[in-house]
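Got your viewer open and a selection box ready? Let's take a walk through this one, stop by stop.

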Amino acid sequence: MVNIIALNEYHLDRTCIYRIWFGSKFYIGATMDSYKRIEYHIKAIGAGFKGQRLGRNSITNMVNHLKDNPNIETCFFEALEYCEDELSLVDAEHEWLYPCKGNPDCLNVNFNVHRTINGIIVRPNGSFAIKQNNKYVLVSNI
């Protein structure tokens, strides 16, 4: 069983962009509540260790890395940037994550940042998609 420890308790219950260190490798994400997100990662990684098929995603990368490195028992959560609201998470996550694309130490699978807020898919730089006729249509800017 792996533990994820916040490097600073001030990081808990915050809206932020975060990085979890798995030894020398890392995962970058965004959350409205860092405490709940840490709990999610612990449960999802635990499910992967119990044999639950996870598919091709970041949790699978985390589980595979931890299985390959059984000496890693504790992972570290750090807040990279605090955000005022969910909308600001989108641009902030893009700014932190996109430069990591191609970095072999980054465990993220998807670098296409977006969040669904009230049924609208919001992307970096103010673009968003709305659902019309059961399809999402990209709209340039907010």
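## Start at the cap of helix 3

Select aspartate 85 first: this residue caps the N-terminal end of helix 3, with a side-chain oxygen 3.3 Å from the backbone nitrogen of leucine 87. Keep in mind throughout that you're looking at a predicted model.

Now extend the selection to residues 86-97, which is helix 3 itself. Its 12 residues reach 16 Å from the first C-alpha to the last, close to the 16 Å expected at 1.5 Å a residue. Which of its residues are buried? Colour Leu89, Val90, Ala92, Glu93 and Leu97 to see them. The buried residues of helix 3 pack against strand 2, strand 3 (25-31), strand 4, strand 5 (115-117) and strand 6 (120-122), so show those strands next.

## Zoom out for a moment

Switch to a cartoon of the protein chain and you'll find three helices and eight strands. Follow the sequence along and the pattern reads β-β-β-α-α-β-α-β-β-β-β. Of the 142 residues, 42% are buried. Among contacts with a separation of 6 or more, 53% are between residues 24 or more positions apart.

## Into the cores

In soluble globular proteins, nonpolar side chains tend to be buried together. Here, the largest nonpolar core has 20 residues; show Phe22, Ile45, Cys75 and Phe77 as sticks, since they have the most contacts inside it. Strand 1 (3-6), strand 2 (16-22), helix 1 (34-49), helix 2 (58-68) and strand 4 (74-82) each supply at least two residues of this core. There's also a second, separate core of 16 residues, and Ile17, Phe26, Leu89 and Val90 are included in that one.

Back to cysteine 75: what is it in contact with, leaving aside neighbours within four places in sequence? Select Val2, Asn3, Ile4, Ile5, Ile20, Trp21, Phe22 and Leu66 and you have the set.

## The aromatic stop

The chain has three aromatic pairs. Pick tyrosine 18 and phenylalanine 77: their ring centres are 5.1 Å apart and their planes sit at 20°, so this pair counts as stacked. The two come from distant parts of the chain, tyrosine 18 in strand 2 and phenylalanine 77 in strand 4, 59 residues apart. Both tyrosine 18 and phenylalanine 77 are buried. Add Tyr27 to the selection, and with Tyr18 and Phe77 you have one aromatic cluster.

## A buried arginine

Stay in strand 2 and click on arginine 19. Buried or exposed? Arginine 19 is buried, with a relative accessible area of 17%. Its side chain makes a polar contact with the side chain of glutamate 78, at 2.8 Å. Beyond its neighbours within four places in sequence, arginine 19 is in contact with Phe26, Tyr27, Ile28, Phe76, Phe77, Glu78 and Leu80.

## Last stop: the cysteines

How many disulfides does a search of the whole structure find? Zero. Select cysteine 16, where the nearest cysteine sulfur, that of cysteine 83, is 7.5 Å away. Cysteine 16 is buried, with a relative accessible area of 0%.

Finish at cysteine 106. Why is there no bond to cysteine 100? The sulfur of cysteine 106 is 4.9 Å from the one in cysteine 100, its closest cysteine sulfur, and that is too far, because a disulfide needs the two sulfur atoms within 2.5 Å. Cysteine 106 is buried as well, with a relative accessible area of 8%.

How values were computed. Residues numbered from 1 in each chain as written. Predicted model: local features only at pLDDT ≥ 70, side-chain atom pairs only at ≥ 80, totals over all residues. Heavy atoms only, no water. Core = buried A, V, L, I, M, F, W, Y, C linked by side-chain atoms within 4.5 Å. Buried < 20%, exposed > 50% of the residue type's maximum accessible area, 1.4 Å probe, protein only. Helix = DSSP H or I, 4+ residues; strand = E, 2+ residues; numbered from the N terminus. Contact = heavy atoms within 4.5 Å. Expected span 1.5 Å × (residues − 1). Polar contact = N/O pair within 3.5 Å; in protein donor to acceptor, adjacent residues only side chain to side chain. Phe/Tyr/Trp six-rings, centres within 6.5 Å; stacked < 30°, edge-to-face > 60°.
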